[in-house]
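Here is a short walk through one protein model. Keep the structure in view as you read.

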Amino acid sequence: AEVKELDDLAEAALAKAQEMVAVATPAREALQAADPQTPEVVDGFLDAAKDIASAIDAARGALHERELAEEQELRGLLETSRATFATLQQRQKASGAPEDDASGKLAAAAEAMAAVDAAEAALAALSYETSEEEWVAALDAFLHAAGKAADATMEAEAALDARDASSVSGARAL
């Protein structure tokens, strides 16, 4: 499924869980306020709260599926960016690596690629004993770095394209 579709499913699951909590809250308050707690008040609370755990689990599952899809989509974009970056490095070398805006953009893309490689290595180094918070932080760092690397590579490509176009125009003018 597409990320947008999974995002919609996750949002719907979260909304359903929030709705159920909103219904159960007054029932819980009634239960706490009841003196004595009659079977009707207890049953009212139990009826209102019985499906909350499964709704929360469904929301967690939907969010997890969305995160996996986002990660896969970004990994695909990253692989494309890595291939493009390698091509850009070859173009830079072939052009004699002039010191210009395009070279600066390519250097920034190289830094971004190094950062994503480090974030990916840190993510791969985690074990099953790693806490959920650490997993989430490492995955977020990787996803952020991958997005920055893709953006930096696109900027470098545009700058090299512009430089190459300018060189061709200059050569034609001669």
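**Two helices and a pocket**

In this predicted model, start with helix α1, residues 3-33, and helix α3, residues 52-94. Their axes come within 8 Å and cross at roughly 160°. Angles over 145 degrees count as roughly antiparallel, so α1 is roughly antiparallel to α3. The crossing of the two helices is left-handed.

Now look at the residues that make this contact. On α1 they are V3, L6, D7, L9, A10, E11, A13, L14, A17, M20, V21 and A24. On α3 they are I52, A55, I56, A58, A59, A62, L63, E65, R66, A69, E70 and E73. What is the chemical character of the contact between α1 and α3, in nonpolar, polar and charged residues? It has 18 nonpolar residues and 6 charged ones, with no polar residues.

Next, turn to the largest pocket. Its volume is about 370 Å³. The lining of this pocket counts 14 residues. Closest to the pocket centre are L63, H64, E67, V136 and L139. L63 of α3 also belongs to the contact with α1.

Which helix gives the largest share of the pocket lining? That is α3, with 8 residues. Helix α5, residues 132-173, supplies at least two residues of the lining, and so does α3. By type, the pocket lining divides into 6 nonpolar, 2 polar and 6 charged residues.

Helix α3 thus appears in both parts of this tour. It packs its contact residues against α1, and it supplies 8 residues to the lining of the largest pocket.

Note on methods: Residues numbered from 1 in each chain as written. Predicted model: local features only at pLDDT ≥ 70, side-chain atom pairs only at ≥ 80, totals over all residues. Heavy atoms only, no water. Axes fitted to C-alpha atoms, helices over the stretch in contact; angles between N-to-C directions. Helix = DSSP H or I, 4+ residues; strand = E, 2+ residues; numbered from the N terminus. Parallel < 35°, antiparallel > 145°, perpendicular 65-115°, else oblique. Left-handed = near helix turned anticlockwise from the far one by under 90°. Contact = heavy atoms within 4.5 Å. Nonpolar A, V, L, I, M, F, W, Y, C, P; charged D, E, K, R; others polar. 1 Å grid on protein atoms, 1.4 Å probe; cavity = no way out; pocket = protein on both sides within 12 Å on 5 of 7 lines; lining within 4 Å. Points joined across faces, edges and corners; volume = space filled by probe spheres on them.
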